[in-house]
Amino acid sequence: GSHGNDVNIAVVSHGQANDAFWSVVKNGVEAAGKDMNVKVDYRSPETFDMVAMSSLIDAAVNQEPDGLVVSIPDGDALGAAIKKAVAAGIPVISMNSGSNVAPELGVLLHVGQEEFDAGKIAGAKLKSMGGKKALCVNHEVGNVSLDQRCAGFAEGFGAIEVLPTTNDPADVKSKVKAALEKDGDVDTVLTLGASTAGEPALAAIAEMGKEVNIGTFDMSANFLKAVADGKAAFCIDQQQYLQGYLPVAFLAMHARFGLMPGGNVPSGPNLITQEKAAQVVELAAKGIR
Amino acid sequence: MSEDTRKPVIELVDIEKHFGAVIALAGVSFSVYPGECHCLLGDNGAGKSTFIKTMSGVHQPTKGKIVMDGKNMNFGSPRAGMEAGIATVYQDLAMIPLMSVTRNFWMGREPQSGFWPFKNMDFKKADEVTMSEMAKMGINLREPGQAVGTLSGGERQTVAIARAVYFGAKVLILDEPTSALGVRQTSNVLATVDKVRKSGVGVVFITHNVRHALAVGDRFTVLNRGKTLGTAKRGEITPDELQDMMAGGQEMAQLEGSLGGTV
Amino acid sequence: MSEDTRKPVIELVDIEKHFGAVIALAGVSFSVYPGECHCLLGDNGAGKSTFIKTMSGVHQPTKGKIVMDGKNMNFGSPRAGMEAGIATVYQDLAMIPLMSVTRNFWMGREPQSGFWPFKNMDFKKADEVTMSEMAKMGINLREPGQAVGTLSGGERQTVAIARAVYFGAKVLILDEPTSALGVRQTSNVLATVDKVRKSGVGVVFITHNVRHALAVGDRFTVLNRGKTLGTAKRGEITPDELQDMMAGGQEMAQLEGSLGGTV
Amino acid sequence: MSADKPMADERLAKVSLTKSLLQRPEVGAVVGLIAVILFFTVYADSRMFSLSGIMNFMEPAAQLGILAIAAALLMVGGEFDLSIGSMIAFAGIALGIPLVLWGWPLSLSILFAFGVAVITGAINGFIVLRSGLPSFIVTLAFLFILRGLTLVSLKEATGTTQLRGVKEAAGDSWLVEMFSGDAFEGAFTWLANMGWIDTFKNGTPKVQGIPVEIIWFVVLALAASWLLTRTRFGNWIFAAGGDPIAARNVGVPVNRVKIILFIFTAMAATLVATITVLEFGTADASRGLLKEFHAIIAAVIGGCLLTGGYGSAIGAMVGAVIFGMVQIGITYTNINLDWFQVFMGAILLIAVVLNNWVRNKAMSAH
Amino acid sequence: MSADKPMADERLAKVSLTKSLLQRPEVGAVVGLIAVILFFTVYADSRMFSLSGIMNFMEPAAQLGILAIAAALLMVGGEFDLSIGSMIAFAGIALGIPLVLWGWPLSLSILFAFGVAVITGAINGFIVLRSGLPSFIVTLAFLFILRGLTLVSLKEATGTTQLRGVKEAAGDSWLVEMFSGDAFEGAFTWLANMGWIDTFKNGTPKVQGIPVEIIWFVVLALAASWLLTRTRFGNWIFAAGGDPIAARNVGVPVNRVKIILFIFTAMAATLVATITVLEFGTADASRGLLKEFHAIIAAVIGGCLLTGGYGSAIGAMVGAVIFGMVQIGITYTNINLDWFQVFMGAILLIAVVLNNWVRNKAMSAH
Ligand SMILES: Nc1ncnc2c1ncn2[C@@H]1O[C@H](COP(=O)(O)OP(=O)(O)OP(=O)(O)O)[C@@H](O)[C@H]1O
Ligand SMILES: Nc1ncnc2c1ncn2[C@@H]1O[C@H](COP(=O)(O)OP(=O)(O)OP(=O)(O)O)[C@@H](O)[C@H]1O
Ligand SMILES: [Mg+2]
Ligand SMILES: [Mg+2]
């Protein structure tokens with residue numbers, strides 16, 4: 001973390017350090033730390049592990065920070081740790097996931113987007129493009145947020161099949177190809193991560209020589225380029241940079257001046273389609289979007 | 001040794017043992033009387049180790065029967081053999097180098113104290129017995145907790161023999177116990193065999209060394225390619241005849257000639 | 001054997017070897033002349049294996065020097081020893097059970113054909129030589145591709161010896177080659193030692209068996225607890241004296257008495 | 001005869017008491033623990049070693065430790081279990097589904113979960129022993145199978161990869177107290193009132209008790225250590241791992257020993273599952289990911305040989321504490337999270353190299 | 001002398017040619033392959049075994065296979081490398097960063113990446129050999145360290161976990177063709193024109209050529225097999241893995257052999273990294289996750305013993321194909337995809353049990 005003067009803010013998320021999406025959140029956290037001149041500490045478990053995450057929250061609380069930012073993918077599992085933080089008098093802001101459970105845990109506000117809603121929007125968009133049958137490519141089986149995205153997608157779109165893969169691009173590419181080959185009715189693909197799943201899926205579609213609509217969660221520079229070129233429909237941007245930046249900024253304000261906005265901040269979803277794509281590419285490459 | 005009037009402690013009749021297509025034993029009969037040392041001799045690969053492993057329950061015979069006290073035995077495991085009173089010193093010793101002498105000595109038959117479920121291994125007794133049994137065999141250990149892996153080959157052999165002797169109720173089997181030993185250690189082992197035999201235990205002694213066999217043997221059975229060449233009593237056979245039988249009688253004259261008959 | 005007029009092929013002077021706190025060799029001097037068989041005798045743990053491992057480059061001496069052809073040698077590895085002309089049959093044979101006889105025979109010195117970078121191992125030659133060398137030792141292999149693990153102990157020993165003889169340029173070291181062998185195989189090995197010696201190679205022969213030593217030895221050196229008890233020439237010493245020296249002279253009389261002096 | 005005695009002394013240096021202590025398998029781990037503590041004393045926030053800080057890293061250490069102790073016993077017995085991590089998830093739903101969806105009482109559900117563990121462990125062991133395949137590869141297959149079955153069952157039962165509502169279904173039975181929450185809460189409140197331990201601003205003690213898993217962990221470590229070093233069964237474990245053929249030949253029931261160890265490992269995973277499910281109120285498909293490696297690492301840091309026949313339960317306990325300290329300790333330092341894995345790997349490497357070095361020194365000084 | 005000959009025959013059944021064929025290490029894998037093909041012929045969409053279907057599963061199989069062959073050689077040599085997966089990511093940035101950020105030409109960047117591989121492999125090997133620690137644990141440490149270093153470097157260099165723009169930076173050199181895209185494109189177009197292979201509606205062939213990784217894979221498998229079975233170095237690999245002390249004693253330079261194998265493994269990972277980076281145009285911190293296990297699994301299915309000294313490169317190749325077929329093939333079936341891991345684990349288990357059974361049969365029939 002960067003060194004600030006008096007104020008100390010801890011961030012605990014459930015995303016792995018080498019996950020492209022979460023690295024943007026972390027960049028937001030660090031930028032806020034610098035801008036607000038506060039000391040920030042960003043921590044997350046090695047895998048999607050609520051037990052480990054709960055320990056990390058406890059460890060953060062133990063250091064009595066002036067504010068705590070958490071993501072809450074499982075309110076039941078993390079509830080106790082968060083309540084303990086609140087009980088200890090630490091202001092807590094949740095981000096990314098957990099808006100439904102946040103109030104009852106004593107969390108001040110939530111910055112983020114509900115995965116389910118975002119999936120629903122993606123589904124509706126792809127349906128409006130004329131899709132009949134879709135694949136939802138899940139590159140991290142067992143990660144609850146990804147399940148929620150697919151569930152929302154099903155709600156918004158209709159007939160979907162979940163395609164579980166690993167996060168190896170060669171595997172994603174081959175499996176998408178196989179699925180498209182097997183079921184000729186599939187005309188739509190939604191991937192849940194732009195770089196690990198979206199780009200190989202694009203490659204698979206290109207090799208298939210078949211008209212398939214594809215959209216993705218999150219952004220990567222290459223996928224955005226495909227959107228700009230009209231090869232892909234959209235990226236769902238939840239502006240996770242804000243999910244890192246804003247809570248830290250709010251808590252810094254709170255620690256110094258007792259300020260705090262009055263309600264949740266929806267950071268997304270923001271559908272990046274062909275028109276907007278080109279201007280976002282550079283920022284995505286820098287890890288801001 | 002008036003064998004005919006006494007009953008053998010163990011009798012094996014027409015034992016066959018196949019490993020896949022390899023026929024290691026092709027019908028071997030053998031018996032041991034109490035208080036006798038029965039030497040099992042034969043060429044490399046004759047089937048001696050396989051035979052005594054069958055006797056002690058490591059292998060199950062493909063055909064044939066094992067009789068003790070008039071009952072047909074069916075050893076499913078070495079444990080069953082041990083419980084029937086057969087103690088064995090295997091050619092490869094069956095010692096665990098990283099474990100202490102005491103632990104190896106008692107392996108499989110650890111003494112216990114205390115009450116269930118808090119039964120301890122009785123180390124006090126175990127250590128004492130180990131030390132004293134080893135001392136009886138002429139080895140004074142520094143401490144019973146020493147790992148077996150740090151003992152010399154001869155000492156290790158002695159642990160294996162002491163263990164078998166201590167537990168060996170009726171039959172003690174020794175598979176080539178002297179092959180890696182020095183002169184002094186060999187004498188020790190042979191003296192032990194003598195002592196054990198005199199206490200009424202039946203001993204089966206495998207060796208390639210005719211002289212070692214003649215030093216302690218009461219009867220001699222020679223195996224050749226999985227079959228018995230016959231059994232002879234002490235005094236019925238000369239060392240040279242025995243040697244010839246063990247070598248299958250081939251070309252010995254020529255070789256012995258060139259080397260001065262000292263093999 | 002007019003040793004004094006000839007130069008030894010290898011001479012070791014005042015070799016010491018420590019393993020941590022264990023002093024395995026405490027100053028041993030030893031030499032081998034071309035065409036002689038020098039027997040190295042001694043109790044278990046006397047340091048025989050350690051000594052010949054130092055000679056062949058497996059261990060580096062803690063102190064002392066090794067001289068060949070008047071030059072001070074410094075074997076950093078077994079490979080260096082081999083290249084200087086020292087071939088060794090280790091007590092544990094140094095064979096890989098899962099590999100074929102041919103591959104084991106040539107291990108470390110595989111013949112090659114073809115040109116770089118497409119040099120093949122020359123299996124045709126390798127197989128032929130292996131088969132013929134084994135045949136010379138009296139073993140007819142079914143096929144050279146057979147895994148060593150499927151050979152009997154005696155056959156395996158023979159492969160190790162045949163390999164050492166085939167490559168053994170100047171000195172051949174045999175560490176207890178006969179201990180696990182049957183009578184016939186032992187005769188074969190002793191005859192081979194004799195043959196090798198006659199071809200001018202110096203042989204170092206380790207054994208616990210006085211008779212085997214006397215059958216082929218020209219000189220006898222006895223080690224005891226890491227020190228030399230002395231070297232004797234053939235004819236200068238009686239078998240009984242040698243036996244006593246090997247056993248450290250202790251209590252042999254008593255033991256031998258009870259067993260009929262046949263050890 | 002008397003000539004034998006001086007012979008042993010003549011060629012050996014004396015063995016000092018310190019040196020014979022140094023030969024215990026766990027000594028390397030203890031040295032490693034001291035090194036890690038020193039490191040964090042220098043580089044971490046001092047609150048890491050406050051009472052609450054210690055409880056904080058001991059909690060994950062205890063959960064890992066329960067696994068590591070079982071893994072150590074299994075490793076001493078000459079086998080591996082790579083399916084521990086998946087077993088945690090699997091046992092979690094074996095407890096959660098009866099409890100939440102079938103409406104079973106907690107006691108029965110726990111029994112059911114442990115029953116499943118016994119069967120799974122036995123299957124693991126049975127396949128390893130019958131096929132003669134290395135346990136590495138057999139349990140690797142079960143790593144996939146159990147994780148997959150967990151996913152399938154959860155999807156089938158709930159439609160998601162998560163099962164909620166365990167706390168509500170479990171209610172307030174004493175069993176819940178046995179497996180979750182803190183012990184000795186009264187004592188800690190009293191200590192807080194006396195001002196002897198830290199409190200938060202609102203007066204509640206920072207540490208409300210000793211988390212039960214720590215108690216399970218310590219009790220298990222002591223029991224396993226007693227089992228391994230002081231009992232007949234312990235001797236059999238060493239023998240089965242040191243040389244199964246030799247052990248079998250002298251009458252050790254090697255197969256029985258190994259199967260019991262596999263079952264014990266699966267049960268340890270189930271214990272951890274029970275603790276976490278009751279503590280956190282949910283079961284999910286990704287519980288226990290990578291835990292098999294962490295357990296093996298802890299056992300190896302604790303002095304177990306991968307080849308079997310050597311190791312200690314106390315060592316595994318120390319190894320788990322080291323692991324927990326490193327994992328949580330980094331949050332008390334200023335080290336950037338991105339460096340976490342490098343840090344982890346380096347500590348692991350240093351720990352095992354040090355461990356090995358200490359052991360070799362101790363052995364050769366013999 | 002003549003008496004020796006009949007002795008051998010007398011106690012042995014005759015060895016038929018079939019049986020001696022059955023004794024090759026890869027035979028179990030081949031049987032497994034046939035079983036898997038049969039399974040998919042029955043249960044999967046027939047398009048799986050169309051030309052494009054085959055290319056589709058052969059592509060991941062080839063990438064895995066390149067690793068598996070190296071892992072097999074290393075395993076025959078008696079060691080493990082658990083850092084292969086992380087090495088893929090690490091090599092990816094060792095190629096990408098010079099190319100994209102430092103503006104080096106592609107050739108130099110590739111050389112640099114392979115140079116890094118040589119150093120990493122040598123360090124792995126050096127530590128294993130010097131410390132005497134099992135390679136399992138040393139390379140497990142490097143699994144973390146390399147993965148972590150990749151992340152740190154990427155974050156440092158780009159601020160994200162991904163490096164893009166590789167394709168643009170690489171340009172059109174023949175090197176790109178060597179490591180990415182398809183080979184024999186002309187031939188395939190011609191075949192399509194002749195109507196001998198399937199085409200899309202617009203007339204382009206469904207399969208435009210053989211993906212280069214498949215060619216690398218096959219060439220490497222043949223070369224490795226030749227190396228292992230026909231050369232001096234191959235003999236040394238078997239010897240080093242079978243019994244390193246014995247091998248050293250007869251003059252095999254065991255340490256050199258093992259270090260070369262570690263380097264070779266790292267280089268294989270780098271080859272895969274080069275192929276994927278050039279193919280997808282990006283380097284990513286999570287490339288190659290779990291690949292170390294997949295490679296070991298493929299090698300074991302292919303008949304390698306985990307204990308070293310036995311195995312085959314062709315077997316590893318077959319193992320990788322089985323793995324690729326199972327991985328992708330399930331998508332062509334009607335099996336619910338949630339069952340994937342269960343299916344995977346079960347196939348792995350069946351394959352190794354079958355393999356072992358075939359080998360034992362073959363051995364005892366000897
Ligand atoms: N488990 C086994 N599988 C296959 N063949 C075996 C097995 N055990 C022994 N054999 C074979 O059975 C035969 C007899 O072997 P055994 O070990 O009994 O001989 P031995 O008389 O003890 O020889 P030695 O004097 O060398 O110890 C040999 O040909 C051996 O290869
Ligand atoms: N690597 C080693 N580390 C420690 N001590 C060793 C090592 N190798 C040998 N020793 C010790 O050195 C001494 C001599 O051993 P060595 O193997 O040379 O005896 P030997 O004369 O060959 O005995 P044997 O007749 O039993 O083969 C023994 O006390 C042995 O324990
Ligand atoms: Mg035998
Ligand atoms: Mg020796």
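This briefing covers the site of ligand 1 and a strand hairpin in chain C. The model is predicted. Ligand 1 is placed between chains B and E, and 14 residues surround ligand 1. In chain C, strands S11 and S12 pair in the antiparallel sense.

**Surroundings of ligand 1**

- Among the 14 residues around ligand 1, those that come nearest are Gly45(B), Gly47(B), Lys48(B), Ser49(B) and Thr50(B).
- Helix H1 of chain B, residues 48–56, supplies the largest share of the shell around ligand 1, with three residues.
- By class, the shell around ligand 1 holds seven polar, four charged and three nonpolar residues.

**Polar contacts and cover of ligand 1**

- His208(B) places a polar side-chain atom 2.9 Å from an oxygen atom of ligand 1.
- Gly47(B) has a polar backbone atom 2.9 Å from an oxygen atom of ligand 1.
- For Ala46(B), a backbone N or O atom lies 3.2 Å from an oxygen atom of ligand 1.
- On its own, ligand 1 has 630 Å² of accessible area, and the protein covers 70% of this area.

**Hairpin in chain C**

- Strand S11 of chain C spans residues 219–224 and strand S12 of chain C spans residues 227–233; the antiparallel pairing between them runs over six bridges.
- Within this pairing, Phe220(C) stands opposite Ala232(C) of S12(C).
- Two residues lie between S11(C) and S12(C) in the hairpin, where Arg225(C) adopts a positive phi near 45 degrees.

Technical notes: Residues numbered from 1 in each chain as written. Chains lettered and ligands numbered in written order. Predicted model: local features only at pLDDT ≥ 70, side-chain atom pairs only at ≥ 80, totals over all residues. Heavy atoms only, no water. Near = heavy atom within 4 Å. Polar contact = N/O pair within 3.5 Å; in protein donor to acceptor, adjacent residues only side chain to side chain. Areas by Shrake-Rupley, 256 points an atom, 1.4 Å probe, with all protein chains shown as cover. Helix = DSSP H or I, 4+ residues; strand = E, 2+ residues; numbered from the N terminus. Nonpolar A, V, L, I, M, F, W, Y, C, P; charged D, E, K, R; others polar. Pairing = 2+ DSSP bridges.
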